[in-house]
Amino acid sequence: MAEATNPPAGASETPQHTETLEKHVTGATIWLTGLPSAGKTTIANELARTLRAEGHRVEVLDGDEIREFLSAGLGFSREDRHTNVQRIGFLAELLARNGVLTLVPVIAPYADSREAVRKRHQAGGTAYLEVHVATPVEVCSERDVKGLYAKQAAGEISGLTGVDDPYEAPDSPDLRIESHQQSVQESAAALRALLTERGLAA
């Protein structure tokens, strides 16, 4: 009678199994730029819930949290804003190239700062999408989620992006979302559809 032989260690990891794992590690950075109170973070969080439910690895890089933990001490001059965006871009690219869908709802008001982040991703062969949440300033000021517009109007703060500080809207974003004309769910669904179209989330 022939003796039964045990498979060698690690034999259970078949090529098919390895291929299945690799299908779930595509990462990308999705940068949502727009004015304060445009709806960037709300849309990002809605999309993140959907993607996580589908089994994707997702992180949302919140601008306020980055300011507190990575960019403490930076102000709101053009140079400091640029530095902040580059730090966020570095972290996003690091996560994305390690298989994480990284959603970045951060204003990033200057086109050259955003372009520098895009070039960092291109140099590393990491997918990068720029999404413009194109909510008009009038709508943003009515929403005024953090009370910034009211404080600016009262003279309590200055340098508010889109009011008394510049905001350079993207000329050719990968997607433009008119969030004031559709629901949060519809905005997130449009972005989810873009990820499918670009092969970043099946």
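A crossing of two helices is right-handed if the near helix is turned clockwise from the far one by less than a right angle. The exercises below apply this and related criteria to a predicted model.

**Exercise 1. Describe the overall make-up of the protein: how many helices and strands does it have, and in what pattern do they follow along the sequence?**

Solution.
Step 1. The secondary structure comprises eight helices and five strands.
Step 2. Reading along the sequence gives the pattern α-β-α-β-α-α-β-α-β-α-α-β-α.
Step 3. The protein has 202 residues, of which 42% count as buried.
Step 4. For contacts between residues at least 6 apart in sequence, 77% join residues at least 24 apart.

**Exercise 2. Characterise the packing of helix H4 against helix H5: which orientation class applies, and what is the handedness of the crossing?**

Solution.
Step 1. Two packed helices are described by the angle between their axes and the distance between the axes.
Step 2. For H4 (residues 78-96) and H5 (residues 111-123), the angle is about 25 degrees and the axes lie 9 Å apart.
Step 3. Angles under 35 degrees count as roughly parallel, and H4 is therefore roughly parallel to H5.
Step 4. The crossing in which H4 passes H5 is right-handed.
Step 5. On the H4 side, the contact involves Arg-78, His-82, Val-85, Gln-86, Gly-89, Phe-90, Ala-92 and Glu-93; on the H5 side, it involves Asp-112, Ser-113, Ala-116, Val-117, Arg-120 and His-121.
Step 6. By class, the residues of this contact of H4 with H5 are five nonpolar, five polar and four charged.

**Exercise 3. Carry out the corresponding analysis for H2 and H8: which orientation class applies, and which residues meet?**

Solution.
Step 1. Helix H2 (40-53) and helix H8 (residues 184-197) pack at about 60 degrees, with an axis separation of 9 Å.
Step 2. An angle of about 60 degrees falls outside the range of 65 to 115 degrees that counts as roughly perpendicular, and H2 and H8 are therefore oblique to each other.
Step 3. H2 passes H8 in a right-handed crossing.
Step 4. From H2, the residues Thr-42, Ile-43, Glu-46, Leu-47 and Leu-51 meet Val-184, Gln-185, Ser-187, Ala-188, Leu-191, Arg-192 and Leu-195 of H8.
Step 5. The contact of H2 with H8 contains seven nonpolar, three polar and two charged residues.

**Exercise 4. Examine the backbone at Ser-37 and Ala-108: what is the sign of phi in Ser-37 and in Ala-108, and where is the place of Ser-37 and of Ala-108?**

Solution.
Step 1. Most residues other than glycine have a negative phi.
Step 2. Ser-37, which is not a glycine, has a positive phi of about 70 degrees.
Step 3. Ser-37 is placed in the loop between strand S1 (28-33) and helix H2 (40-53).
Step 4. The relative accessible area of Ser-37 is 15%, so Ser-37 is buried.
Step 5. Ala-108 also has a positive phi, near 45 degrees.
Step 6. The loop between strand S3 (101-105) and H5 holds Ala-108.
Step 7. Ala-108 counts as buried because its relative accessibility is 2%.

**Exercise 5. Analyse the salt bridges: how many does the structure hold, and which residues form a network through shared partners?**

Solution.
Step 1. Side chains of opposite charge can pair when their charged atoms come close.
Step 2. The structure holds 11 salt bridges.
Step 3. One of them joins Arg-49 and Glu-46, with an N to O distance of 2.8 Å. Arg-49 and Glu-46 are three residues apart in helix H2, and therefore about one helical turn separates them. Arg-49 is exposed, at a relative accessible area of 51%, whereas Glu-46 counts as buried at 17%.
Step 4. Another salt bridge joins Asp-64 and Lys-146, at 2.6 Å from N to O. The pair links distant parts of the chain, 82 residues apart: Asp-64 belongs to helix H3 (residues 63-69), and Lys-146 to the loop between helix H6 (137-143) and helix H7 (148-153). Asp-64 is partly exposed, with a relative accessible area of 43%.
Step 5. Arg-81 and Asp-165 form a salt bridge at 3.4 Å, N to O. Here Arg-81 in helix H4 is linked to Asp-165 in the loop between H7 and strand S5 (175-177), 84 residues apart. Both Arg-81 and Asp-165 are buried.
Step 6. Glu-115, Arg-118, Asp-174, Glu-197 and Arg-198 are joined into one network by salt bridges that share partners.

Key:
Residues are numbered from 1 along each chain as its sequence is written. This is a predicted model: local features need pLDDT of at least 70, side-chain atom pairs count only at pLDDT 80 or more; totals for chains, interfaces and linings use all residues. Side-chain values use heavy atoms; hydrogens and water are left out. Axes are lines fitted to C-alpha atoms, for helices over the stretch in contact, and angles run from 0 to 180 degrees between N-to-C directions. Helices (H or I, at least four residues) and strands (E, at least two) are DSSP runs, numbered from the N terminus. Angles under 35 degrees count as roughly parallel, over 145 as roughly antiparallel, 65 to 115 as roughly perpendicular and the rest as oblique. Contact means heavy atoms within 4.5 Å. Ala, Val, Leu, Ile, Met, Phe, Trp, Tyr, Cys and Pro count as nonpolar, Asp, Glu, Lys and Arg as charged, and the others, Gly among them, as polar. Buried means under 20% relative accessible area, exposed over 50%, partly exposed in between (1.4 Å probe, protein chains only). A salt bridge is a side-chain nitrogen of Lys or Arg within 4 Å of a carboxyl oxygen of Asp or Glu.
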